[in-house]
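Good morning, everyone, and thank you for making the time. I would like to walk you through a structure that is new to most of us, so please have the view open as I talk.

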Amino acid sequence: NPNTGQSTCSVCSAGTYSSSTGSTSCILCPAGKYVTTVGSTSCTNCASRLASPGGTGICCPDGSYTSASGLSCLQCSTNSYSVGAAACSTCATGSYATSTGSTACTGQIASACPPGSGMVSTQLGCYLCAINTYNTGSSSQCLSCPTGMVALSVGSVSCVVSPCSIGSYTTTGTSAGCKLCPAGTYDTQFGAGSSCTSCLSGTSSSAIGSSSPCSSCGPGTFADASGASSCTSCPAGTYTASSGSSSCSGCPVGKASSSIGAVSSATCSTCPAGTYSLKAASVCTPCSPGYYNLNDGSSSCTSCPVGTYDPYYSSASMSSCLP
């Protein structure tokens with residue numbers, strides 16, 4: 001080629017073509033066309049529903065459809081499929097596709113679920129009844145056991161009299177093993193559970209055998225972990241104005257508070273000149289000898305100039321630094 005200095009011609013790769021003699025480069029197949037072989041002089045049209053992102057050399061596969069721009073392939077969503085169709089089709093009643101990009105629907109589902117189960121949908125099938133629910137087969141959904149009765153296993157077709165009262169649990173599955181929920185936990189249902197529900201962080205319960213949810217910690221208190229039997233007062237240097245807190249906020253640098261259980265940042269007082277504090281301080285710290293601080297609300301002190309020394313604590317002026 002006299003224009004490029006090449007002595008040999010290069011073969012166009014898959015996804016590209018050249019239709020004329022003396023070409024200096026190959027051309028990408030446009031959207032909607034493809035070519036899978038090398039050395040092609042033209043591109044082939046995709047099927048009517050498909051588009052080919054330019055130059056990929058392939059059309060969109062079954063299980064996908066063309067984006068609105070026609071420049072990319074998108075997978076069919078769950079419960080739909082495509083095989084050479086103009087678009088993805090919804091699975092027929094009684095079958096389903098559990099994953100995206102499906103080329104077929106599977107799973108024939110009965111029109112009614114067996115006892116001990118309920119129906120999610122005709123596409124997604126049946127589910128086993130959870131503990132404390134049941135289905136005799138007369139309903140499409142699982143039902144809650146009546147008050148004072150329980151279903152001890154999943155897939156139950158009936159309920160039995162509860163071995164334990166609310167606010168308790170059993171270690172054996174029978175009334176002989178019933179124990180009251182300890183402080184920091186609760187149980188709101190008749191049942192045969194092997195444990196009680198722990199209080200969430202920010203809540204607590206001091207009662208033994210509690211049958212109601214835990215109470216939120218009030219302002220000025222917190223519970224930083226689950227299962228708390230009581231809320232803890234915010235320590236000095238911290239506060240919280242909210243109920244249900246799992247932690248307290250610290251006083252900002254340059255301020256301090258000696259109050260325990262503080263409910264407002266207003267308890268954080270500004271440290272005077274000659275003192276300083278870091279975050280969540282309970283007291284302001286005096287500047288040490290050799291240091292001073294001119295300003296209120298400081299987070300550090302300044303050392304005396306070289307050749308001078310301040311023998312006092314809490315100095316608020318550089319003039320205290322003596323030769």
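Let me begin with one particular link, in which a disulfide joins Cys 251 to Cys 268, with a distance from S to S of 2.0 Å. I should say at once that this is a predicted model, and that what I describe should be heard with that in mind. The torsion about the S-S bond of Cys 251 and Cys 268 is about -75°, so this disulfide is left-handed. The pair links distant parts of the chain, since Cys 251 sits in the loop between strand E24 (249–250) and strand E25 (255–256), while Cys 268 is in the loop between E25 and strand E26 (269–270), 17 residues apart. Are these two cysteines, Cys 251 and Cys 268, buried or exposed? Both Cys 251 and Cys 268 are buried.

For anyone who would like the chemistry restated, a disulfide is a covalent bond between the sulfur atoms of two cysteines.

Let me step back to the chain as a whole. How many helices and how many strands does the protein chain have? There are zero helices in the protein chain, and 30 strands. Of its 323 residues, 33% are buried, and the chain exposes about 17,500 Å², of which carbon and sulfur atoms supply 54%. If we take the contacts between residues at least 6 apart in sequence, 33% of them join residues at least 24 apart.

Returning to the disulfides, the count comes to 13, and I will show two more of them. One of these joins Cys 217 to Cys 231, with S to S at 2.0 Å, and the angle of -85° about its S-S bond makes the link of Cys 217 and Cys 231 left-handed. This pair, too, links distant parts of the chain, with Cys 217 in the loop between strand E20 (215–216) and strand E21 (221–222), and Cys 231 in the loop between E21 and strand E22 (232–233), 14 residues apart. Cys 217 has 0% relative accessibility and therefore counts as buried, whereas Cys 231, at 25%, counts as partly exposed.

The other joins Cys 304 to Cys 321, again with 2.0 Å from S to S, and with -70° about the S-S bond this link is left-handed. Cys 304 and Cys 321 both lie in the segment after strand E30 (302–303), so the pair ties together parts that are 17 residues apart in sequence. Cys 304 is buried, with a relative accessible area of 12%, and Cys 321 is buried as well, at 9%. Please set beside these Cys 9, which is exposed, with a relative accessible area of 80%.

Before I stop, a word about the backbone. Most residues other than glycine have a negative phi. Which value does the phi of Asn 132 take? The phi of Asn 132 is near 70°, a positive value in a residue other than glycine. Asn 132 is found in the loop between strand E10 (125–128) and strand E11 (133–134), and it is buried, with a relative accessible area of 17%. Ser 314 has a positive phi too, near 60°, and it lies in the segment after E30. Ser 314 is partly exposed, with a relative accessible area of 34%.

That is where I will leave it, and I am glad to go back to any part of the view.

Technical notes:
Residues numbered from 1 in each chain as written. Predicted model: local features only at pLDDT ≥ 70, side-chain atom pairs only at ≥ 80, totals over all residues. Heavy atoms only, no water. Helix = DSSP H or I, 4+ residues; strand = E, 2+ residues; numbered from the N terminus. Buried < 20%, exposed > 50% of the residue type's maximum accessible area, 1.4 Å probe, protein only. Contact = heavy atoms within 4.5 Å. Areas by Shrake-Rupley, 256 points an atom, 1.4 Å probe, with all protein chains shown as cover. Disulfide = S-S within 2.5 Å.
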